[in-house]
Amino acid sequence: MKKEDKALIIDNIAQLLQEYPNFYLVETAGLNAEKTSDLRRACAKADVKLVVVKNTLLRKALERLEGDYTELYPALAGPTSLMCTQVANAPAKLIKDFVKKDDVLPALKAAYVEETVYFGADQLDTLATIKSKNELIADVVALLQSPAKNVVSALTSGGSKLHGILETLSQKEG
């Protein structure tokens, strides 16, 4: 491969990593053509970008980015596919479902999620349970709404009780 071609590929990988805040390094080399197609379809459906990369080119792309990615370098051995996503837990759930269904690869090597590095396939369950930014915001909004709903409910039910008491008192006077 020519030096210019490598530079272009490195630029493309770096740009891809800048577009997506979360990425997973997985091994997909053991998948046959049918399983690879199934994985690609599942990734497209889950808004996960799947790209097969050369480890040396990925490492050079990581070195160009701001931040420290050195913890990921040991995972850059053997065949590597890059799964990029906006939703932190989407690839982990996808991998779990894929493995559960067929008991085959892809195998998680490492992940960079919410500015944290996860290393090894044993982290898959942890990654699958991480809440996305939107899920966390929804939880906070629900927590903030709960006391307000209780106050409105109490005022509404209290108002009908007060009305009933006043009506009973007015009927007794008459």
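1. Let's start with two helices that meet. In this predicted model, the axes of helix H1 (residues 3–19) and helix H3 (residues 55–64) come within 8 Å and cross at roughly 60 degrees. How are H1 and H3 set relative to each other? An angle counts as roughly parallel under 35 degrees and as roughly perpendicular from 65 to 115, and H1 and H3 are therefore oblique to each other. The crossing of H1 past H3 is right-handed.

2. If you would like to look at the contact itself, H1 brings Lys6, Ala7, Ile9, Ile10, Asp11, Ile13, Ala14 and Leu17 to it. On the other side, H3 offers Leu57, Leu58, Lys60, Ala61, Leu62 and Arg64. Sorted by class, the contact of H1 with H3 holds 10 nonpolar residues and four charged ones, with no polar residues.

3. Next comes the nonpolar core. In soluble globular proteins, nonpolar side chains tend to be buried together. Here the largest nonpolar core counts 24 residues, and those with the most contacts inside it are Leu17, Phe23, Leu25, Leu58, Leu62 and Leu82. Two or more residues each are given to this core by H1, strand E1 (22–27), H3, strand E3 (80–85) and strand E4 (107–113). Which element supplies the largest share of this core? That is H1, with five residues.

4. Leu62 makes a good place to pause, as one of the residues with the most contacts inside the largest core. Setting aside neighbours within four places in sequence, Leu62 is in contact with Leu17, Phe23, Tyr69, Tyr73 and Leu76. Apart from the largest core lies another core, of 22 residues, and among them are Met83, Ala88, Ile95 and Leu108.

5. Tyr69, one of the contacts of Leu62, sits in the loop between H3 and E3. Is Tyr69 buried or exposed? The relative accessible area of Tyr69 is 9%, and buried means under 20%, so Tyr69 is buried. Not counting residues up to four places away in sequence, Tyr69 touches Phe23, Leu62 and Tyr112. Tyr69 and Val117 are 48 residues apart along the chain, and their C-alpha atoms are separated by 8.3 Å.

6. Lys109 is worth a look as well. Lys109 belongs to strand E4 and counts as buried, at 12% relative accessibility. Leaving out residues up to four places away in sequence, Lys109 touches Leu25, Val26 and Glu27, along with Ala75, Ala77, Gly78, Pro79, Thr80, Phe119 and Gly120. From C-alpha to C-alpha, Lys109 and Tyr24 are 7.7 Å apart in space, although 85 residues apart in sequence.

7. Val87 is found in the loop between E3 and helix H4 (90–102). With a relative accessible area of 37%, Val87 is partly exposed. Apart from neighbours within four places in sequence, Val87 is in contact with Asn22 and Ser132. Val87 and Glu135 lie 48 residues apart in sequence, and 9.8 Å apart in space from C-alpha to C-alpha.

8. Two backbone angles deserve your attention. Most residues other than glycine have a negative phi. Asp47, a residue other than glycine, has a positive phi near 60 degrees. Asp47 lies in the loop between helix H2 (33–45) and strand E2 (49–53). Asp47 is exposed, with a relative accessible area of 63%. Glu114, also not a glycine, has a positive phi of about 50 degrees. Glu114 is in the loop between E4 and strand E5 (116–119). Glu114 is partly exposed, with a relative accessible area of 45%.

9. Finally, a step back to the protein as a whole. The secondary structure comes to six helices and five strands. In what order do the elements run from the N terminus on? The order is α-β-α-β-α-β-α-β-β-α-α. Of the 174 residues in the protein, 34% are buried. Among contacts between residues at least 6 apart in sequence, 77% join residues at least 24 apart.

Conventions:
Residues numbered from 1 in each chain as written. Predicted model: local features only at pLDDT ≥ 70, side-chain atom pairs only at ≥ 80, totals over all residues. Heavy atoms only, no water. Axes fitted to C-alpha atoms, helices over the stretch in contact; angles between N-to-C directions. Helix = DSSP H or I, 4+ residues; strand = E, 2+ residues; numbered from the N terminus. Parallel < 35°, antiparallel > 145°, perpendicular 65-115°, else oblique. Left-handed = near helix turned anticlockwise from the far one by under 90°. Contact = heavy atoms within 4.5 Å. Nonpolar A, V, L, I, M, F, W, Y, C, P; charged D, E, K, R; others polar. Core = buried A, V, L, I, M, F, W, Y, C linked by side-chain atoms within 4.5 Å. Buried < 20%, exposed > 50% of the residue type's maximum accessible area, 1.4 Å probe, protein only.
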